[in-house]
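Please look over the sequence and the model below, and then read the notes that follow, which are grouped by topic.

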Amino acid sequence: MLLSQGQRAQLRDYGFVSMQSEFDDLDLLRIAEDLGRPVPSKPGRSVISELRPTRSSSQQTETFSSVFGLGEFPFHTDTAHWPVPARFVILRDVGRRHDRPTFVLPLRMFLTVCDTKDLVASVWKTTGPMGSFLCSIVNFSNENPAVRYDPLCMHPVNQAATHVAKVLSAIRWKPIRFDWKAHMTLIIDNWRTLHGRGMSVVDDSESRCLQRVLIYKSDHLPLFPYVLAA
Ligand SMILES: [Fe+2]
C-alpha cells in the first residue's frame, strides 16, 4: 500500500494527511519506506513503537509522559534533540475507542505569531542523550522553512529566544484537531508542523494506543548516531 497522488499532494501542501483504512504493519512500513527511511527512536527499539498515555513518574527520565502524565502534551517537534529531526511521523490508531485528540499546528500559524527577527536571532540549547548543541528554532535557509521546537529539551540561550519562548507559552493556538477512530492514520510533516496531544475526560491509559513510525530524510546527514548504534 502506498499513498495516492492526492494524499501526497495534501502532505506536501498542508504538512499533514489523514486516512481511514485498515492495513497491517507491513503496509505501514511500505508507506514509511516510500516517504524516507523508517528509523527507531532509540538504539535497539523497534521501528514501529507504541505510544500509550502513562501516569507521570519521577522514576522516568524527562519525557513528555514523565512530566505531563495523562495531561496534555505541548506543541513540539518529534526528535527535536536529534541533529536532524525526523522528517515525517506516522501515527496509527491501534487501540480501543478513546476521546483524546491530536492537534497539528502548521508552521504558517507559528510564523504569524512570532516576530521573524526574533525567530532568526534566537539561539536555543538542545539537550539529548548524546549531549547538547546550539540550534535555531526555524531554519529559513531552504525554500521551505523548517521548524524545530520542543519546550522540554530546548531552552533559550539569548534574549531573542527568551522572547520567543514567552510568546509561545502565552499564545492560545487554534490548531487543527484530529479525533481518532479505529484504523485512522495520520502522517505529519515534522519539519513543517508542530503537534501536541489533547486531554481525555477519562483515564485512557488502557484504551488509547497509537503506533508511531519516525521517518528520517536528510541529504546532509544520511546517518546519525542513534541509527548507527541501533
Ligand atoms: Fe510527538
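In this predicted model, four strands form an open sheet in the order β4-β14-β6-β12, and their pairing is antiparallel. The strands β4 and β12 (176-178) stand at the edges with a single partner strand each, so one side of each has no neighbour in the sheet. On average, and with direction ignored, neighbouring strands of this sheet are turned by 20 degrees against each other.

**Inside the four-stranded sheet**

- Strands of a sheet pair through backbone hydrogen bonds, either parallel or antiparallel.
- Strand β14 (residues 193-197) pairs with β6 in the antiparallel sense over five bridges, and within this region Leu 105 has Leu 194 of β14 as its bridge partner.
- Phe 73 belongs to the edge strand β4 (residues 73-76), and this residue is buried, because its relative accessible area is 14%, and buried means under 20%.
- If neighbours within four places in sequence are left aside, Phe 73 is in contact with Phe 64, Ser 65, Phe 68, Gly 196 and Arg 197.

**The iron site**

- The iron ion is coordinated by His 76 through NE2, by Asp 78 through OD and by His 195 through NE2, at 2.1 to 2.2 Å.
- Along the sequence, the spacing of these donor residues is H-x1-D-x116-H.
- Because His 76 lies in strand β4 and His 195 in strand β14, the pair ties together parts that are 119 residues apart in sequence.
- Both of these histidines, His 76 and His 195, are buried.

**Nonpolar cores**

- In soluble globular proteins, nonpolar side chains tend to be buried together.
- The largest nonpolar core of this model holds 23 residues, and those with the most contacts inside it are Phe 110, Trp 124, Ile 137 and Leu 168.
- At least two residues of this core come from each of β6 (102-106), α4 (107-113) and α6 (159-170), and the largest share, four residues, is supplied by α6.
- When residues up to four places away in sequence are not counted, Ile 137 touches several residues, among them Phe 110, Leu 119, Trp 124, Val 164 and Leu 168.
- There is also a second, separate core of 18 residues, which includes Trp 82, Trp 191, Leu 214 and Tyr 216.

**Strand β7 and its partners**

- In a regular strand the side chains alternate between the two faces of the sheet.
- Strand β7 (residues 124-128) shows such an alternation, since Trp 124, Thr 126 and Gly 128 point to one face and are buried, while Lys 125 and Thr 127 point to the other face and are not buried.
- Strand β8 (residues 131-135) runs antiparallel to β7 and is joined to it by five bridges, with Gly 131 of β8 as the bridge partner of Gly 128.
- The connection from β7 to β8 is a hairpin through two residues.
- Strand β11 (residues 154-156) also pairs with β7 in the antiparallel sense, over three bridges, and His 155 of β11 is the bridge partner of Lys 125.

**Cysteines**

- The structure holds zero disulfides.
- The cysteine sulfur closest to that of Cys 114 belongs to Cys 135 and is 15 Å away, which is too far for a bond.
- Cys 135 is likewise in no disulfide, and the nearest cysteine sulfur, that of Cys 153, is 8.0 Å away.
- Cys 114 is buried, with a relative accessible area of 6%, and Cys 135 is buried with a value of 11%.

Technical notes
Residues are numbered from 1 along each chain as its sequence is written. This is a predicted model: local features need pLDDT of at least 70, side-chain atom pairs count only at pLDDT 80 or more; totals for chains, interfaces and linings use all residues. Side-chain values use heavy atoms; hydrogens and water are left out. Buried means under 20% relative accessible area, exposed over 50%, partly exposed in between (1.4 Å probe, protein chains only). Contact means heavy atoms within 4.5 Å. A nonpolar core is a set of buried Ala, Val, Leu, Ile, Met, Phe, Trp, Tyr and Cys residues joined through side-chain atoms within 4.5 Å. Two strands pair if DSSP finds at least two bridges between them. Axes are lines fitted to C-alpha atoms, for helices over the stretch in contact, and angles run from 0 to 180 degrees between N-to-C directions. Donors are N, O and S atoms within 2.8 Å of the metal (3.2 Å for Na, K and Ca); water is not among the atoms, so sites may look incomplete. A disulfide is a pair of cysteine sulfur atoms within 2.5 Å.
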